Amino acid sequence: MVKKNSESKNKKVKALPAKKVNAGKPSKKTVKKAASRPVRKKAKTPALKKILKKTLLPGVPAEIPVLERKEEKKPLHPSHIYDKYDTMFQDSYGETGIVLLPRDPYWLFAYWEVTPASIEQAKKVLGNDFNSSKTILRVYEITNIIFNGRNAHSSFDIILENLLRSWYINVPLSEKNWIVDIGILAPSGKYFLLSRSNAVATPADSISNTDYEEWMDSAESWKMYTTRAGANSKNRAGTCGIYGAEDRAFEASSAGVSSLAGPVRFENKASAFWLKAGTEIIVYGATEPDARVTINGNPVRLNADGSFSTRFALTDGLHLLDISGRSASGNYKKTFKLRVTQETYKEE
Amino acid sequence: MPKGYLALVLHAHLPYIRHPEHEDFLEEDWFFEAIFETYIPLLLVYERLVEDGVDFRITMSLTPPLINMLADPLLQDRALKHIEKLVQLSEKEMRRTEFEPHFNNVAKMYNWKFNEYRAYFLKYNKNIVNWFKKFSDLGKLEIITCGATHGYLPLMRVNEKAVHAQIKVAVSCHKKHLGKQPNGIWLPECAYYPGVENILKENGIKFFFVDSHGLNYAKPRPRYGVFAPVFTRNGTAAFARDIESSKQVWSAKEGYPGDFYYREFYRDVGFDLDYEYIKPFINADGLRTFTGMKYYRITGSSDYKEAYDPLIAGHKAAEHAGNFLFNREKQVEHLAKGMDRKPIIVAPYDAELYGHWWYEGPQFLDFFLRKVFFDQDVFKTITPSEYLKEYPTNQVCAPCESSWGYKGTHEVWLEGSNDWLYRHLHKAADRMCGLAERFPNAHGTLRRALNQMARELLLAQASDWAFIMKTKTNVGYAINETKDHLSRFTKLYEDINNNCIDLPWLNWIEYKDNIFPEIDYRAYL
C-alpha cells in the first residue's frame, strides 16, 4: 500500500525534471507522509480511488454543478475554413518612407518605415560616424515657398529613440506649411536623409483678420465681383453680433452623443453597496390541449401538450388570480381563485 | 413673409455590419435598433405631418453603408425577426406586469408601437429606403449623401484618388437607390479639408456642411458668420452649423434629452429581468443585451428610478418644442436685423439621437414642425438647395479645416489608440490605385477580384472603427473588422499579383462583404 502511494507521489515529482533521479525509488519523506495519511490506505476499491484522485486536484469540483451545464456546441459555419485568410494583416511593407498628417493647428503626426537596406546604405555613407549618430526627425516650415531642402523659413530636429514608428510633432505656429525628414545625424553634423515626407498645411485657430469681400453668383460661377471693403469699420460692426462672443462649444460636439458611443455607460453609484430584489409569481398548469384557459379574463396560450405557464411581477399587497378553463365543446368549465399576498420589510 | 430660415439636418449613418456566418451577431443589433427606434418613428412623424397637411422641410443624409444595409435581404429578414420578437416580448410583458399598472401602461404602449412598426416595415417590403424616397419625391425631405463608407477624408488625402473613390461610389449608390443625383453631401464626421470641394464638384455635388469654426475661421472672414452659406472658390457652397441650436439638443447637461421625465436609456428589461425569462429575447449566446423595452424615466442623477409615464413625457416634448421654437424666433429676429438677406440657421444632429438615445425625440420634432407651421411667421424650415435657389449670390471664402468631433479637429480620429490605422489604409489605397492602373480594362474573375478589393478597402476606411477605438467601446470588434478587411484586401492583392485567384474564397467573400454590388474598381483610376 505504501508503495502504491509513493508511486503516485513520484508521478508528481516527474513533472520536475531536476528530480527525475528519484523516480521509482521512494524517498523517506514520501513514505513518511503517506504513512501519516490513513485515509489513503483504505483506497482499495477502484471507485474510491477515483474519488481520491479527484479530491487530490484542487479547484476541480467532483461534479459539474447543474447551473453550469454546458450546452451542445453549435456546428461552425462552413465559412470558418476561410478564417485563416483573415490573418494576412501586414505589419510593415518593406519600403522606406515617411508620411505626414496634420491633426490640428499645432500638432502633426508622422509615421514611417525604415528598411534594413536603408540603414546599410547610411552605414556606408556615414562610415565610422554611424555608430555615434542618432535618428532624427527634421521639421521644416515651408509656407509659401517651393522647398528644395535648403530654403525653409526655419527648421528644428527631434531626436528619436530606437524602434519608434510614429511621432506627434508639436509645431509653434498655426496656418503654416510643413515638411518632415527622417534622417540620421552624426555628431560631426553629417546628415543622411532616409526619406522626406509630403507637405501639409495646418489650419487656423482663430477668426481671420482678413475682411476683404468677394461675392460669387452660382449662376455664373466663374464671374466674381469683388467689393473692396471700403466701409471696413462698418462691416466689422455689423458682423460682431453675428459671430457672437462665443467660440466653439466643446460639449456640443458629436463625440458625446453618437450612435456608437454607447451602449455601456455606468452611472455613478450613490453608495458602495447595493441590493435589488424582485418577486415574480409563476402560474402554471395543464389541461386538454384544445381547451381555452384564461387568467383574469385574458386568454393564455397553451403549449402543444396542453400545459401553460405565465408569470407576473409581484408587488406588495393582495392579488387576485382567477384561472378558468373551458373545454373545447364549451360544456365543461373549471375555475380556481387564487389569493396571493406579498409583504416586504426592509431592515437596514 | 418669414424673416429667416431653419435647416434641420439629420445625419443617419451606421457602419456596414453584416455577418451571415453568425446566426445572431451582437453588433448587428445597432442596425435593428436604429430601424425600429429611430428611422421608422421618424418616418411615421413625416407620414403624419403630410397627412395633416403640415408643410415642413428636413435634410437627411442617408449614408451609403446604411442604404446598403437597408436594402440587403438578409438583414431585412433579420430585422423582421427582431421586431417580431419584440412584439412577442411586449405581449409577455403586458401579462407579467398586470399587477403594476404604471408598468403595464408602458408595456401596452410598446406593444402598440411594435405592432405598428412591424406593419409599416412590411408595408414597404422591408426596404424603408423607399419610404424615405417617398418624402424626397414629395419635396419635404432633401436626402443627401456621404462618403461611400464614412471614410475620414482629411486623413485620407495623401492619396486623393482614395477620396475621389469615396465620393464617386457614394454618388452612384445614391442614384441607384434614390433615383437621383444628390445635391449635397454630409462630409463624414463633418470633416472638411481645403481642396475636397474640387472632388465634390467633379461628382456634381453643390453643397456641403462644416462645423461652426469651419466658417468662423474662414478666409476672408465671412460677413454673415455661420448664418449664410459661402462659396468656395469653385462655386461649391458651404453651410455651417449653428452652435446655439445644437447645444440645446445635443448637450448632455443642458440639453432637452436629459429631462427627468424622459425615458431612461440604461434601464432595460434585458438587464433587469430574470435570466431564464428574458433569455429568448437577448443575444443567442446568452449575453444580456438591450431589448428596447425600458420602463423607467430618468428621474434624477441617482440610481433611484421611477416608472416612465408616456403621457407626461409627451407633454414635456411639447413644452421643449415650444421652447425651441421660441428661441429660434428670437434668434432669427435678432440676426435678420443685421443682414441684407434672410439668415439660415443650420442645426445638424445624428439621426440616432432622435428615438434611439432620446426616446421622445421624434415626438419633439413632430410638435416642433407643427408649431413652426401653425403658430408663427418669423421663420420657415428650408432645405439647403432651396436656400441656394433663393440666394444664388454668396460670398467667396476658403473654409477652415475642421470636424465636428471633440475640439473640432481631427484629434478623435488620430490619436494613440487609432493612429496605427493610417499606415495600412494609405498603403492599401496606393496598392488599389496601382492595380487599377495596371488593369484598366479587366474582365471576368480578375474584374471581380479588383471590385472586391475596392469593397474591402472602402470597408476598412470607415471612420467608425477609429471612433470606436477612441471611445473604448467594442474596441476588439473595431480592430478585428479593420484587420479582417485589410487581410482580405491583402490576399486579393497577392492573389492578383501571383495571377492565381482563389475562386471559392472569392465567392464567399463577395457574398459576405457584399456592400455596393454595382461597384466599379475603376473609381480608383
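This is a short chat about a predicted model, covering chain B and one hairpin of chain A.

Q: How many helices and strands are there in chain B?
A: Chain B has 19 helices and ten strands.

Q: And how compact is chain B?
A: The radius of gyration of chain B is 23 Å, and the globule rule gives 24 Å for 525 residues, so chain B is as compact as a globular protein of that length. The C-alpha trace spans about 70 × 65 × 40 Å along its principal axes.

Q: What share of its residues count as buried?
A: Of the 525 residues of chain B, 70% count as buried.

Q: What about contacts, how much comes from residues 24 or more positions apart?
A: Such residues account for 79% of the contacts in chain B with a separation of 6 or more.

Q: What is the accessible surface of chain B?
A: About 16,900 Å², with 52% of that belonging to carbon and sulfur atoms.

Q: How many positive and negative side chains does chain B have?
A: There are 65 positive and 69 negative side chains, and the centres of the two sets lie 5 Å apart.

Q: Switching to sheets. In what order do the four strands of the open sheet in chain B run?
A: The order is β4-β5-β7-β6, and the pairing is mixed.

Q: Which strands stand at the edges?
A: β4 (184-185) and β6 (230-231) of chain B do; each has a single partner strand, so one side of each is left without a neighbour in the sheet.

Q: Do β4(B) and β5(B) pair parallel or antiparallel, and over how many bridges?
A: β4(B) pairs with β5 (residues 207-210) of chain B in the parallel sense, over two bridges. In β5(B), B:Phe207 is the bridge partner of B:Gly184.

Q: Now helix α17 of chain B. Enclosed or not, and why?
A: Helix α17(B) covers residues 463-471, and seven of its nine residues are buried, so the helix is largely enclosed by the rest of the structure. Among the buried ones are B:Trp465, B:Phe467 and B:Met469.

Q: Which helices do those buried residues pack against?
A: They pack against α1 (28-51), α15 (420-438), α16 (444-460) and α18 (475-497) of chain B.

Q: And what follows α17(B)?
A: B:Lys472 does, with a positive phi near 60 degrees.

Q: Last topic, chain A. How do β6(A) and β7(A) pair?
A: Strand β6 (residues 177-185) and strand β7 (residues 191-196) of chain A pair in the antiparallel sense over five bridges. A:Phe192 in β7(A) is the bridge partner of A:Ile184.

Q: What sits between those strands in the hairpin?
A: Five residues lie between the strands, and A:Gly189 in this hairpin takes a positive phi near 100 degrees.

Terms used. Residues numbered from 1 in each chain as written. Chains lettered and ligands numbered in written order. Predicted model: local features only at pLDDT ≥ 70, side-chain atom pairs only at ≥ 80, totals over all residues. Heavy atoms only, no water. Pairing = 2+ DSSP bridges. Rg over C-alpha atoms; globule rule 2.2 N^0.38 Å. Buried < 20%, exposed > 50% of the residue type's maximum accessible area, 1.4 Å probe, protein only. Contact = heavy atoms within 4.5 Å. Areas by Shrake-Rupley, 256 points an atom, 1.4 Å probe, with all protein chains shown as cover. Lys, Arg positive; Asp, Glu negative; His and termini not counted. Charge placed at Lys NZ, Arg CZ, Asp CG, Glu CD.
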